[in-house]
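Trainee: Could we go through this model together, with the reason behind each term?

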Amino acid sequence: MACCIEQIKKHVSIRRFTGEPIPDEDLGEILEAARRAPTGWNLQPLSITVVRSKEKLRQLADAVGGQEHVANAAAFLVFSVDYAKIVAAGEQIGVKVIPRLANLYEALIDVGIASGWAALAAESLGYGIVYVALYENPCAVAEIIRAPRYVIPAVGLAVGRPAEQPQPRRRQPLEAIVDYEEYGDPREKSRLVAETYGARAVKLFTYVFDSEGYYASASEALQRCLREHGFSLQ
Ligand SMILES: Cc1cc2nc3c(=O)[nH]c(=O)nc-3n(C[C@H](O)[C@H](O)[C@H](O)COP(=O)(O)O)c2cc1C
């Protein structure tokens with residue numbers, strides 16, 4: 001088991017799994033890593049729904065646009081922003097809890113950290129992982145895991161024994177990401193960004209940012225689902 005500097009350097013997303021199940025002991029270590037992660041106010045406004053049944057994995061794969069690595073994972077961890085348990089705890093102690101935009105923002109950071117720690121724990125145990133966006137159709141995922149009001153699925157982590165070993169993917173150089181003391185030259189950063197993605201940039205940026213593209217429709221679905229699940233966007 002090697003964590004974490006060397007593990008981090010080796011990271012590559014895995015999208016083909018052997019089909020081997022994940023023992024409870026390993027799953028426990030992965031979930032414990034998420035539980036121990038830092039969290040704003042120590043409030044832990046998140047839940048992790050572990051999905052291992054083939055039937056539910058298939059439903060989830062279909063809900064995220066037919067991503068087969070979800071159907072074939074040993075486990076798929078759905079990380080949700082969860083204010084349901086906080087709202088209910090508030091009722092018990094006589095405090096009205098209304099999750100607002102800033103609470104949502106904070107909880108999403110918590111989800112990012114907790115899922116990142118879980119991912120690292122999984123990789124250090126020899127598992128492959130791939131993150132899966134759930135914001136294309138969050139309410140479909142919410143329905144599959146039966147998430148109540150004030151719970152919204154944020155991101156998923158497919159985990160399994162790797163059946164492939166892809167090359168690590170190129171990242172932006174440190175100079176495009178890190179500045180010291182003050183924000184750096186945006187033109188130099190943009191040059192480095194364009195260089196990183198090269199010929200793929202046009203296709204990638206169009207897919208992600210086009211006014212009719214993925215994130216335009218995902219944003220609509222997300223806003224609708226957030227409202228349906230009781231979240232105020234103010
Ligand atoms: C928030 C988030 C959402 C992602 N969603 C998906 C996804 O839906 N499907 C997928 O195959 N990969 C997804 N990925 C994985 C990225 O595509 C991957 O991390 C990136 O291309 C870099 O590759 P690497 O992880 O192999 O270094 C996601 C990653 C993150 C952090």
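Mentor: The sheet is open and has 4 strands in the order 1-2-4-3, with antiparallel pairing. This is a predicted model, in which local features need pLDDT of at least 70, side-chain atom pairs count only at pLDDT 80 or more, and totals for chains, interfaces and linings use all residues. Residues are numbered from 1 along each chain as its sequence is written.

Trainee: What makes strand 1 and strand 3 stand at the edges?

Mentor: Strand 1 (46–51) and strand 3 each have a single partner strand, so one side of each is left without a neighbour in the sheet. From one strand to the next the twist averages 25°.

Trainee: How do you know that strand 2 and strand 4 pair?

Mentor: Two strands pair if DSSP finds at least two bridges between them, and strands themselves are DSSP runs of E with at least two residues, whereas helices are runs of H or I with at least four, both numbered from the N terminus. Strand 2 (residues 75–82) and strand 4 (residues 151–160) are joined in the antiparallel sense over 8 bridges, so the pairing requirement is met. Within that pairing, Ser80 has Pro153 of strand 4 as its bridge partner, and Phe76 stands opposite Ala158 in strand 4. Strand 2 also runs antiparallel to strand 1, with 6 bridges between them, and there Val50 has Leu77 of strand 2 as its bridge partner.

Trainee: Why is strand 2 called largely enclosed?

Mentor: A residue is buried if 20 or more other C-beta atoms lie within 10 Å of its own, exposed if 12 or fewer, and partly exposed in between, with C-beta atoms placed from the backbone. In strand 2, 8 of the 8 residues are buried, so the strand is largely enclosed by the rest of the structure. Both of its faces are covered, with Ala75, Leu77, Phe79 and Val81 buried on one side and Phe76, Val78, Ser80 and Asp82 buried on the other. For the chain of 234 residues, 29% count as buried.

Trainee: Why is Tyr150 called buried or exposed?

Mentor: Tyr150 lies in the loop between helix 7 (138–144) and strand 4, and it has 21 other C-beta atoms within 10 Å, so it is buried. Trp41, in the loop between helix 2 (24–35) and strand 1, has 9 such atoms within 10 Å, so it is exposed. Asp185, in the loop between helix 8 (174–177) and helix 9 (186–197), has 10 and is therefore exposed.

Trainee: What makes the phi values of Trp41 and Tyr150 worth a remark?

Mentor: Most residues other than glycine have a negative phi. Phi of Trp41, however, is near 60°, and phi of Tyr150 is near 75°.

Trainee: How do you know that the chain is as compact as a globular protein of its length?

Mentor: The chain has 11 helices and 4 strands. Its radius of gyration is 19 Å, close to the 17 Å that the globule rule gives for 234 residues, so the chain is as compact as a globular protein of that length; the radius is taken over C-alpha atoms, and the rule is 2.2 Å times the number of residues to the power 0.38.

Trainee: What makes 6 residues of the shell around the ligand nonpolar?

Mentor: Ala, Val, Leu, Ile, Met, Phe, Trp, Tyr, Cys and Pro count as nonpolar, Asp, Glu, Lys and Arg as charged, and the others, Gly among them, as polar. The shell divides into 6 nonpolar, 3 polar and 2 charged residues, and strand 3 (residues 128–133) gives the largest share, 4 residues.

Methods:
Axes are lines fitted to C-alpha atoms, for helices over the stretch in contact, and angles run from 0 to 180 degrees between N-to-C directions.
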